[in-house]
Amino acid sequence: HHSRHQSDLSSVTAVCFDGFLLAWLVPLLTRGDRTIGRQSFDFTSIANDVFAHCERHALPLFVAGGAPSEAEQFVSVVRRRFPAIVVAGICHGYLNDQEVVARVADSGARYVVLGLGSVRQDLVAVDVFRRTRSTVLTCGAFISQTVRTTDGDFYPYLVRRFGGRWLYRVIVEPRVLKRLMLGYVPGVLR
């Protein structure tokens, strides 16, 4: 299992950290002296730039993730902000991995947004990239969070302003605390 993940990483071309804690911890844990900034695929970070780029250059986009109907609702939010964006395909995140990869490949998308939850979305991203050579971006719960809001901004202004996204999610979505404690903490301590 572990060796499969190591070989999967050989095809990754860039890694951006979603979350200030990881961006802060990695240099400490690796004894590096470089600063690593937070970049997340959501409307508080790089999503607007990516969608604008796709719209400006007519680059087809595929969106996969969320519960049934959430991906379609998410694309409606994106189209309100970027009316000329070309959407090559949409599917929910409850399909099996091979089906998601096949749908993306068949769509001809150049950009792919996957909101399938970690670690699954990362493994699917590698498979999509290997098969399509598309730009693949993972977005965690961004699709589901976006459709639960009226304006597409899941995090209140003060939470965004002062970097409290993780704390807000722990309060609003208690299952996140369990995932942090059972998944992330042991991973960091390894």
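Which residues does R120 touch, not counting residues up to four places away in sequence? In this predicted model, the answer is G93, L95, N96, D97 and V100. I shall begin with that residue, move to the pair of helices around it, and then turn to two further positions.

R120 belongs to helix 6. Its relative accessibility is 24%, so R120 is classed as partly exposed, a category that begins where the buried one, under 20%, ends. One of its contacts deserves a closer description. The side chain of R120 forms a polar contact with the side chain of D97, at 2.6 Å. Along the chain these two residues are 23 residues apart, and their C-alpha atoms are separated by 8.4 Å.

Let me now widen the view to the helices themselves. Helix 5 covers residues 97–107 and helix 6 covers residues 120–132. The two pack with their axes 10 Å apart, at an angle of about 40°. Because of that angle, helix 5 is oblique to helix 6. Their crossing is right-handed. On the side of helix 5, the contact is made by D97, V100, V101, A102, V104, A105 and D106. Helix 6 contributes R120, V124, D127, V128, R131 and T132. Both R120 and D97, the partners in the polar contact just described, are therefore part of this helix contact, and the assignment rests on heavy atoms within 4.5 Å. As to composition, the residues of the contact divide into seven nonpolar, five charged and one polar.

The next position is S134, in the loop that connects helix 6 with strand 4, residues 135–138. Is S134 buried or exposed? With a relative accessibility of 5%, S134 counts as buried. Its side chain reaches the backbone oxygen of A109 at 2.7 Å. Leaving aside residues up to four places away in sequence, S134 touches A109, R110, V112 and F129.

The last position is Q145, which lies in helix 7, residues 142–147. Q145 has a relative accessible area of 5% and is therefore buried. Which residues does Q145 touch, again not counting residues up to four places away in sequence? They are F154, Y155, R169 and E173.

To close, I return to the three positions in turn. R120 is partly exposed and its side chain meets that of D97 in a polar contact. S134 is buried, with its side chain directed to the backbone oxygen of A109. Q145 is buried as well, and R169 and E173 are among the residues it touches.

Notes:
Residues are numbered from 1 along each chain as its sequence is written. This is a predicted model: local features need pLDDT of at least 70, side-chain atom pairs count only at pLDDT 80 or more; totals for chains, interfaces and linings use all residues. Side-chain values use heavy atoms; hydrogens and water are left out. Axes are lines fitted to C-alpha atoms, for helices over the stretch in contact, and angles run from 0 to 180 degrees between N-to-C directions. Helices (H or I, at least four residues) and strands (E, at least two) are DSSP runs, numbered from the N terminus. Angles under 35 degrees count as roughly parallel, over 145 as roughly antiparallel, 65 to 115 as roughly perpendicular and the rest as oblique. A crossing is left-handed if the near helix is turned anticlockwise from the far one by less than a right angle, and right-handed if clockwise. Ala, Val, Leu, Ile, Met, Phe, Trp, Tyr, Cys and Pro count as nonpolar, Asp, Glu, Lys and Arg as charged, and the others, Gly among them, as polar. Buried means under 20% relative accessible area, exposed over 50%, partly exposed in between (1.4 Å probe, protein chains only). A polar contact is a pair of N or O atoms within 3.5 Å; within protein, one must be able to donate a hydrogen and the other to accept it, and residues adjacent in sequence count only if both atoms are side-chain atoms.
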